[in-house]
Amino acid sequence: MAQLHHHLNLCAKFGLHEGHFAELPSLMEYQQGKAVYGNSHNTWLSIDITSELALLGKNEGQELCVSVPMLGFTDPALDYSLLPMFAIPFSIHGLVALDENPGLSRAKVMARDIADNLYPLLTCPKGKIDYGLIDASLSGKPIFSHLKEITYIYNKSQLMEAQGLQSLTSKTPVLEMLLSKSGMPFSLTLSVKDINQKLLSIRKVDYKGHSISLPRGQLLALWQKDGLKNNLHIHYQTSQSKTLQEGYRARIDFDIPMQEGVEYSWKQTGSSISKSSKILRFTHYFGLSVKAFKRLAKCIIPFENFKNILLSQKQKTKIKSNLNCYEKHQSVISILHEHLLQGIANQSIPLFALSPYFVQADKIQKELRSLDLNLFDKHDQFVIKQLYQFIDSNENTVLNFIDEVDRLLSMANQTIDTSFIVQTKSNNISSDTLISANLQIDNLVGETYSILSQTPIHILNNNQIEKGANDAFFTPKLHSTKGAVYKVSLAKILQGADVIEDFNWRANDKINLSELLNALGENANGSTVVHARITPNGDTEIWVEHFSKTSKQPTNYHIATLKGVSTQHGNLPGDLNTFIEFRN
């Protein structure tokens with residue numbers, strides 16, 4: 001599974017841990033990457049470097065430097081994430097790596113750590129970053145492995161004479177970069193230096209992501225007529241989209257127009273509820289702002305506790321090294337702590353990766369209760385209050401609370417799927433009434449997107465209740481029989497396609513490959529069950545439900561949608577010569 005994941009992701013291959021760091025891709029890899037990523041401004045960046053190349057060609061020994069910032073927590077000494085948090089050079093001046101010896105394309109790389117120390121990122125013969133070599137080369141200079149910037153350095157013989165490189169169809173004066181953090185804005189620096197490292201030119205290039213596809217919202221409203229206790233069921237579900245996956249938080253305003261002679265009542269819905277003479281509004285909240293996440297993270301990992309544990313760990317280390325000597329440079333610890341909190345918020349480092357620094361449950365609860373909620377907006381206040389209720393009603397352990405916070409952090413990894421019921425006291429309700437749902441998503445860069453969905457109320461009689469409710473609200477989970485196998489075709493993907501969100505099996509059948517990999521990657525840490533469920537449109541959705549050993553609630557992954565297929569069967573359509581299979 002790991003080999004498949006690496007094969008499918010060029011970003012990871014040229015990141016810090018795969019032995020190809022700072023190399024350019026081969027001609028075939030370039031063509032594959034260009035075909036998959038090159039048409040999107042959110043994954044591909046092209047920069048005209050005509051002026052830099054002109055200056056580079058004037059004298060021997062001159063270098064072109066490309067400095068890129070880290071867009072998430074980055075530490076080459078740790079391998080918790082294979083995906084790089086920075087832009088990757090993918091071709092330069094129309095040149096890529098030689099097929100037979102790609103290592104010749106490797107740039108010289110300088111790293112800037114969180115304390116602003118500058119040092120070379122040296123690699124071993126296998127292409128892996130080697131801090132033993134780096135430490136030995138610095139003659140006692142203290143450095144840190146947590147980075148804020150790296151600089152790729154190319155010399156004149158590489159770019160002007162194509163030494164160790166091969167040309168594309170034409171040598172265009174362009175730097176092409178692959179962006180692993182899709183759509184996140186940043187600024188990179190292009191500079192040219194002479195043989196004595198004198199700065200000859202410098203230019204800052206600002207990148208801003210473009211608007212990306214919005215999710216589709218499916219809203220259903222069903223009124224069940226059953227005597228005095230009639231129920232209005234509301235269900236809302238989104239499709240997969242990059243906008244949703246890269247959002248920090250979202251909210252949905254459900255507006256139900258008030259009708260004359262109809263009284264509404266409700267039990268606990270997990271909503272914020274407001275009422276006027278014309279509208280009854282239920283607002284559902286998902287996720288938290290970066291500000292709120294970081295404040296919650298400080299409750300779990302207070303600075304003083306983090307500092308004390310970090311220093312005690314360093315005291316136990318017997319290996320003499322100038323790497324990460326926080327006991328000698330304690331002022332850097334606060335910078336590291338802030339970088340880690342930001343890394344948790346932008347999901348570049350898992351929250352549970354920092355479990356050695358968690359405080360005890362009673363201290364977390366005390367810190368949480370001391371928060372001034374007036375510092376947060378209405379959305380964050382509501383979610384934090386739900387956390388208060390959670391710690392009051394569950395076993396008071398660190399694991400339970402942090403698992404709930406981690407669930408909030410993972411809001412972007414799933415579709416939004418929510419339902420609630422409003423009781424009505426009336427024998428009649430107008431089917432012409434339009435119920436609306438307004439989804440608002442806050443993304444990584446502070447932009448807000450809105451998607452409005454509307455639906456009339458579908459009225460069911462007693463004999464339609466069970467079937468209608470099941471069809472409309474996706475309640476049935478069609479379990480495969482014990483031992484049955486679902487087969488997913490990967491033949492075409494393995495022949496060269498890269499990570500593709502929507503991969504066509506047939507004309508209308510789509511597979512979400514990234515979620516498929518997520519589900520399989522977690523399977524070793526729990527159990528996985530495959531479900532099929534039929535939508536009102538007659539489509540069959542394939543879901544994987546993963547039960548973790550540490551979490552009380554399962555995680556659901558939307559794997560595929562089969563358009564217009566309503567039969568229950570074990571084998572999905574497609575070429576079955578190469579497949580991944582799920583067993584119940």
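Helices here are DSSP runs of H or I with at least four residues, numbered from the N terminus. The model described is a predicted one. With that numbering, helix 10 is a convenient place to begin, since Gln-347, just after helix 10, takes a positive phi of about 60°.

Helix 10 covers residues 331-345 and packs against helix 9, residues 303-316, with the axes 10 Å apart and at an angle of about 115°. Helix 9 is therefore roughly perpendicular to helix 10, an angle of 65 to 115 degrees being the range for that term. From helix 9, the contact draws on Phe-303, Phe-306, Lys-307, Leu-310 and Leu-311, while helix 10 contributes Ile-333, Ser-334, Leu-336, His-337 and Leu-340. The crossing of these two helices, helix 9 and helix 10, is right-handed. Several residues of helix 10 are buried, among them Ile-333, Leu-336, His-337 and Leu-340; these four residues also belong to the contact with helix 9. The buried residues of helix 10 further include Val-332, Leu-341, Gly-343, Ile-344 and Ala-345. An α-helix has 3.6 residues a turn, so residues three or four places apart point the same way.

A second helix pair is formed by helix 8, residues 290-300, and helix 11, residues 361-369, whose axes lie 8 Å apart at an angle of about 140°. Helix 8 likewise passes helix 11 in a right-handed crossing. On the side of helix 8, Arg-295, Leu-296, Cys-299 and Ile-300 take part, and they meet Ile-364, Glu-367 and Leu-368 of helix 11.

The aromatic residues offer another view of the structure. A pair of aromatic rings is described by the distance of the centres and the angle of the planes. The structure holds 16 such pairs. In one of them, the rings of Phe-352 and Phe-358 have centres 6.3 Å apart and planes at 70°, so the pair is edge-to-face. Phe-352 has a relative accessible area of 32% and is partly exposed, whereas Phe-358, at 15%, counts as buried. Elsewhere, ring pairs join Tyr-236, Phe-254, Trp-266, Phe-282 and Phe-420 into a cluster.

Phe-420 of this cluster also leads to strand 13. Ile-234 lies in strand 13, residues 230-238, and is buried, with a relative accessible area of 1%. Although Ile-234 and Phe-420 are 186 residues apart in sequence, their C-alpha atoms are 5.5 Å apart in space.

One further ring is approached by a charge: the charged end of Arg-369 sits over the ring of Tyr-388, at 4.6 Å from the ring centre.

Conventions
Residues numbered from 1 in each chain as written. Predicted model: local features only at pLDDT ≥ 70, side-chain atom pairs only at ≥ 80, totals over all residues. Heavy atoms only, no water. Phe/Tyr/Trp six-rings, centres within 6.5 Å; stacked < 30°, edge-to-face > 60°. Buried < 20%, exposed > 50% of the residue type's maximum accessible area, 1.4 Å probe, protein only. Lys NZ or Arg CZ within 6 Å of the ring centre and 35° of its normal. Axes fitted to C-alpha atoms, helices over the stretch in contact; angles between N-to-C directions. Parallel < 35°, antiparallel > 145°, perpendicular 65-115°, else oblique. Left-handed = near helix turned anticlockwise from the far one by under 90°. Contact = heavy atoms within 4.5 Å.
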